[in-house]
Amino acid sequence: MTDYLPLPGTPLEELDTPCIVIDLDAAEANIAKLQAAANEMGVDVRPHTKTNKSPYWARKQIAAGAIGVCCAKVGEAEVMVEAGVLEVMIPNQVIGKRKIARLVALARSARIIVAVEASSNVDDLSEAASAAGAELGVIVEINVGMDRCGVDGDGAVELARQIVGAPGLRFDGLMGYEGHTVAERDYETRKTEAEKAMRILTGAADQIRAAGIDVKIVSAAGTGTYNITGRVAGVTELQCGSYIFMDGDYLEVFNDFKPALSVLSTVISRQKQDVAIVDMGLKSISIDRGLAEVISPPGASIIKHSEEHTAVRLSDAASQRLKVGDKVQARPTHGDTTINLHDYYFGVRNGKLEAAIPIPGRGKFR
Ligand SMILES: Cc1ncc(COP(=O)(O)O)c(C=O)c1O
C-alpha cells in the first residue's frame, strides 16, 4: 500500500484530509486520569482496545499501569499480541473451530483469557487447548441486565465447575458488562442502575466461591461507570475503552475525560453563501449515533453526508468567510465506528503533527 503520510512537524491546517486528529495531550491525560482513579479505588485497569484498535495506545495504557488489554475479537487480539502485548482478555464469546484454533495459537505465546456462556463452547475450547498443549484462561460472562450475552448466577456455578475440570482451561473468574447503564445521562440513575448490575455480578462470584471455587477476576465497567463500578466491593478490574479519546455521545454523559478525537476535512466546494462542501463522508466518519458536531469553525454545523462529501451549514458571517481549501474539524458522536474507518491517527500537539499512529486493529472484526 502506498502511504501518503505527512511528516512530523506538519501544521494541523496542512494535514491531508479526511483524517482523524488526536489531541495527544488530552488522550495522555485521559489515560493517566483513569489509572489514577483506579489506583485510588483499589482496582486494576484492563482497557478495552475496541476503541483505539492500536498497539501504540495499548502500550501507553500498560506503561501507565494497566495490567493488559481487552479485545472484542480474536483479530484484534492477534494485532495486540503480534505487537508484544502479552496479556489479552476477550470479554466476548469465541465460537467456531477456526476462531478457536487462532485463539489457542495466541495462548501459546501470550496470556489469553476468554469469556464463555455455553457448556458446548467450554468443551470446544478445552479440546482445542489441550490438543495444542496450551492453557487458556476462561471467565464466565454474567448477564448483568444488558441482555446481550451471559448467563445468570445459577448457570455460572455449573459452568465454573465444568471449566475447573476441563483440560487445557484455567478458571479465572467472571465478567459482566453493564453496557445498558454506561451512557445514562443522569448520574444518580446511572449509579443506581450500575450498582444493581454489579450486585448480580458479585452475587454470582459469591455463589461460585460458596461452591468451593476460587474467583480471582471480577471484571466490569465502561467509561460512564468507571467511578461507580470501581467502588463496588468485589469488582477487581475495569474494562473501560472510550475514555481514551471520548466522543460526542460520551461528552453528553460527562466531561470527566477530555475530548481528544476529531475528524479534519477540507472545503472542496463553495457554491452557496451558507453552505460549504467538505471532503469527509460516510467512508471517514460514522453516524450510527447521530451527526458529528463541528468544532471549527464556530457557527458551522453538519447538514448531511454522502459517501465522500458532507454539506456544512454556515450560519453566520464569520463562518461564511470559509473558502475552498480551508479546514473544517468535527467531533464524531461515536469514536469506535469512526476509528474503524481509518488506517492512521494523526497525533497532534501544539498545533503540529507529532506522529502518524497506525490503527492495525481496524476492520479486525473476525
Ligand atoms: C464487554 C465490554 N467491556 C467494556 C466496554 C467499554 O465500554 P466503554 O466504551 O463505555 O468504555 C465495552 C464497550 O462496548 C464492552 O462491550
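**Entry 1: strands 13, 14 and 11**

I began with strand 13 and strand 14 of this predicted model, and I found that five bridges join the two strands, which run antiparallel. For a single pair to look at, I took Ala 300, whose bridge partner in strand 14 is Leu 314. The two strands form a hairpin, and I noted four residues between them.

I then asked which strand pairs with strand 14 over four bridges. I found strand 11, residues 275–278, pairing with strand 14 in the antiparallel sense. Here I wrote down Val 275, which has Arg 313 as its bridge partner in strand 14.

Next I looked at the faces of strand 14, residues 310–314, and saw that Thr 310, Val 312 and Leu 314 make up a covered face, while Ala 311 and Arg 313 make up an uncovered one. Leu 314, the partner of Ala 300, is thus listed on the covered face, and Arg 313, the partner of Val 275, is listed on the uncovered face.

**Entry 2: the parallel sheet**

I turned to another sheet, an open one in which eight strands follow the order 2-9-8-7-6-5-4-3 with parallel pairing. Its edge strands are strand 2 and strand 3 (69–70), each of which pairs on one side only.

Within this sheet I followed strand 6, residues 136–141, which runs parallel to strand 7, residues 169–175, and is joined to strand 7 by six bridges. Glu 141 stands opposite Met 175 of strand 7. I also looked for what packs on the sheet, and noted helix 4, residues 97–107, which touches strand 5 (111–116) and strand 6 and whose direction makes about 145° with that of strand 5.

**Entry 3: helix 3**

How many of the nine residues of helix 3 are buried? I counted seven, so by the cut-off of 20 or more other C-beta atoms within 10 Å I recorded helix 3, residues 74–82, as mostly covered. The buried residues are Val 74, Glu 76, Ala 77, Glu 78, Val 79, Met 80 and Val 81, and I noticed that two glutamates, Glu 76 and Glu 78, stand in that list. What covers them includes helix 2, strand 3, strand 4 (87–93) and helix 4, the last of which I had already met packing on the sheet. Just after helix 3, I saw that Gly 84 takes a positive phi of about 95°.

**Entry 4: backbone exceptions**

I kept in mind that most residues other than glycine have a negative phi, and that most peptide bonds are trans. Against that background I looked up Lys 53, which is not a glycine and yet has a positive phi of about 50°. Lys 53 sits in the loop between strand 2 (44–45) and helix 2 (55–63).

I also looked up Asn 350, where phi is near 50°, again a positive value in a residue other than glycine. Asn 350 is placed in the loop between strand 16 (344–349) and strand 17 (352–358).

Are these two residues buried or exposed? Lys 53 is buried, because 27 other C-beta atoms lie within 10 Å, whereas Asn 350 is exposed, because 9 other C-beta atoms lie within 10 Å.

For the peptide bonds, I found a cis bond from Thr 17 to Pro 18, with omega near 0°, and Pro 18 belongs to the segment before strand 1 (19–23). A cis peptide bond also joins Ser 296 and Pro 297, with omega about 0°. Pro 297 lies in the loop between strand 12 (293–296) and strand 13 (300–305), which took me back to the hairpin that strand 13 forms with strand 14.

**Entry 5: two domains**

I checked the domain assignment, which gives domain 1 as 12–20 + 257–358 and domain 2 as 24–250. The C-alpha centres of the two domains lie 33 Å apart. Where they meet, 22 residues of domain 1 are in contact with 19 residues of domain 2. On the side of domain 1 that touches domain 2, the elements giving two or more residues are helix 10 (335–339), strand 16 and strand 17. I sorted the residues of that side by class and obtained ten nonpolar, five polar and seven charged.

**Entry 6: around the ligand**

Last, I asked which of the 15 residues around the ligand come nearest. They are Tyr 177, Gly 222, Thr 223, Gln 239 and Ser 242. By class, I found five nonpolar, nine polar and one charged residues in the shell around the ligand.

Conventions:
Residues numbered from 1 in each chain as written. Predicted model: local features only at pLDDT ≥ 70, side-chain atom pairs only at ≥ 80, totals over all residues. Buried ≥ 20, exposed ≤ 12 C-beta atoms within 10 Å, placed from the backbone. Domains from an automatic or database assignment. Contact = placed C-beta atoms within 7 Å. Nonpolar A, V, L, I, M, F, W, Y, C, P; charged D, E, K, R; others polar. Pairing = 2+ DSSP bridges. Axes fitted to C-alpha atoms, helices over the stretch in contact; angles between N-to-C directions. Near = placed C-beta within 6 Å.
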